[in-house]
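Here are some short exercises to try with the model in view. Work through each task yourself before you read its solution.

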Amino acid sequence: MTESECVECGGTVSLHDDLEVGEIVDCETCGAELEAVDTSPPVLDRAPELEEDWGE
Amino acid sequence: MKFGLLYSRIRRDEKLLLSELRERGHEVAKLDVREQRFGLNATDAGLADCDLVVDRCLATSRSLYATRFLSAYGVPVVNGPETAAVCADKVKNSLALEAAGVPTPATEVTFTKEAAMRSIEEFGYPCVVKPVVGSWGRLMAKIDSENAAEAILEHKATLGHYEHKVFYVQEYVDKPGRDIRVLACDGEPVAAMTRSSDHWLTNAAKGGATAAFDLDDEARELVKTASDAVGGGLLGVDLMETDEARSAPESSGERSDPRDGESRYTVHEVNHTVEFKALNEASEVDVPAAVVDWLELKAETAGEAVMTA
């Protein structure tokens, strides 16, 4: 497990070792959806909001 | 082999695919579609040397255009742009199923709320209004009364994107509290599951409970025909069970249903960027392994086609 900082609340976010760029993780402190924009070292940014054409 | 994975969000589904591809020793180029630039005859994306690109775009609009560009460049891509175009649009989807003789819910499309209201009255209550583009059960409306119909149509006409002014009205199928999702590769079922809920929407994305499902011969044949109807590929075919003889809506008599009452299933849609994490958990089948088996086959076929061209 690694850690990074939530860009929304500054809290610590635990990350799995197999984190992928583009993966979404939730901040357990504030609930924000965060996107991994880098993995070495892990960097998180706010995830895009749901768009109307998302899906299968 | 080298595979490209076109994405804008890595879901559990994409992680399963990435793991399976890498474990088999394949090179994988992850391509964030948000960063790509597509010219009319070339892209700066590292795609040219991919044996196969797998479209896993979360956004339908991006999937449609990105696959169209890749196809124009001669880069093998699954699913192809033709399949994407049919599956992304419920009108095209329904027309393709109907043309192939696949039982599908009776549907009418109108361009004004007044005409939509006539369709709704003719289908009777309840009936269903769906957006022509959408997924995960979003903006689906089961209409139980005239008052509800008027309100929903007015909201769509007033507040919606222009696509919401294409009114897709469908009969309500009284399914037995569940529908069936089949993941198929070029019409060959990989695995199937039921999605059950007390709510009329049973999508896994809406929290429907999942369980493995054994397909009978009729369902298998419908899956194959439905897959062919939309152009084939890696698809999620959705079926509902109906034991009732199907009949045309009571109306002027001009609308006839050639599929009267024979099938135990009706196919309501085929999805082209199918999610499978829930199916992988519900089924004993190793779904990502089966999908990658098929991707390898497609890559080989694409390579042979280039060699003989």
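**Exercise 1.** Find which helix of chain B gives the most to the negative patch in this predicted model.

*Solution.* Start with the members: the surface patch of negative charge gathers Glu121(B), Glu146(B), Glu150(B) and Glu154(B). Next, look at helix 6 of chain B, which covers residues 146-159 and gives three residues, the most of any contributor. Finally, place Glu121(B): this residue lies in helix 5 (residues 113-123) of chain B.

**Exercise 2.** Decide whether Glu121(B) is buried, partly exposed or exposed, and do likewise for Glu269(B).

*Solution.* Recall the cut-offs: buried means under 20% relative accessible area, exposed means over 50%, and partly exposed is in between. Glu121(B) has a relative accessible area of 40%, so it is partly exposed. Glu269(B) has 16%, so it is buried. Now see what is around Glu269(B), which sits in strand 13 (residues 265-271) of chain B. Leaving aside neighbours within four places in sequence, its contacts include Lys90(B), Asn93(B) and Asp238(B).

**Exercise 3.** Locate the cis peptide bond between Ser40(A) and Pro41(A), then the one between Tyr125(B) and Pro126(B).

*Solution.* In chain A, omega for the Ser40(A)–Pro41(A) bond is about 0°, and Pro41(A) is in the loop between strand 4 (33-39) and strand 5 (42-46). In chain B, omega for the Tyr125(B)–Pro126(B) bond is about -5°. Pro126(B) belongs to the loop between helix 5 and strand 6 (127-130) of chain B.

Definitions and conventions. Residues numbered from 1 in each chain as written. Chains lettered and ligands numbered in written order. Predicted model: local features only at pLDDT ≥ 70, side-chain atom pairs only at ≥ 80, totals over all residues. Heavy atoms only, no water. Patch = residues over 30% accessible without salt bridge, like charges linked within 9 Å, V, L, I, M, F, W, Y side chains within 5 Å. Areas by Shrake-Rupley, 256 points an atom, 1.4 Å probe, with all protein chains shown as cover. Salt bridge = Lys/Arg side-chain N within 4 Å of Asp/Glu carboxyl O. Lys, Arg positive; Asp, Glu negative; His and termini not counted. Charge placed at Lys NZ, Arg CZ, Asp CG, Glu CD. Helix = DSSP H or I, 4+ residues; strand = E, 2+ residues; numbered from the N terminus. Buried < 20%, exposed > 50% of the residue type's maximum accessible area, 1.4 Å probe, protein only. Contact = heavy atoms within 4.5 Å.
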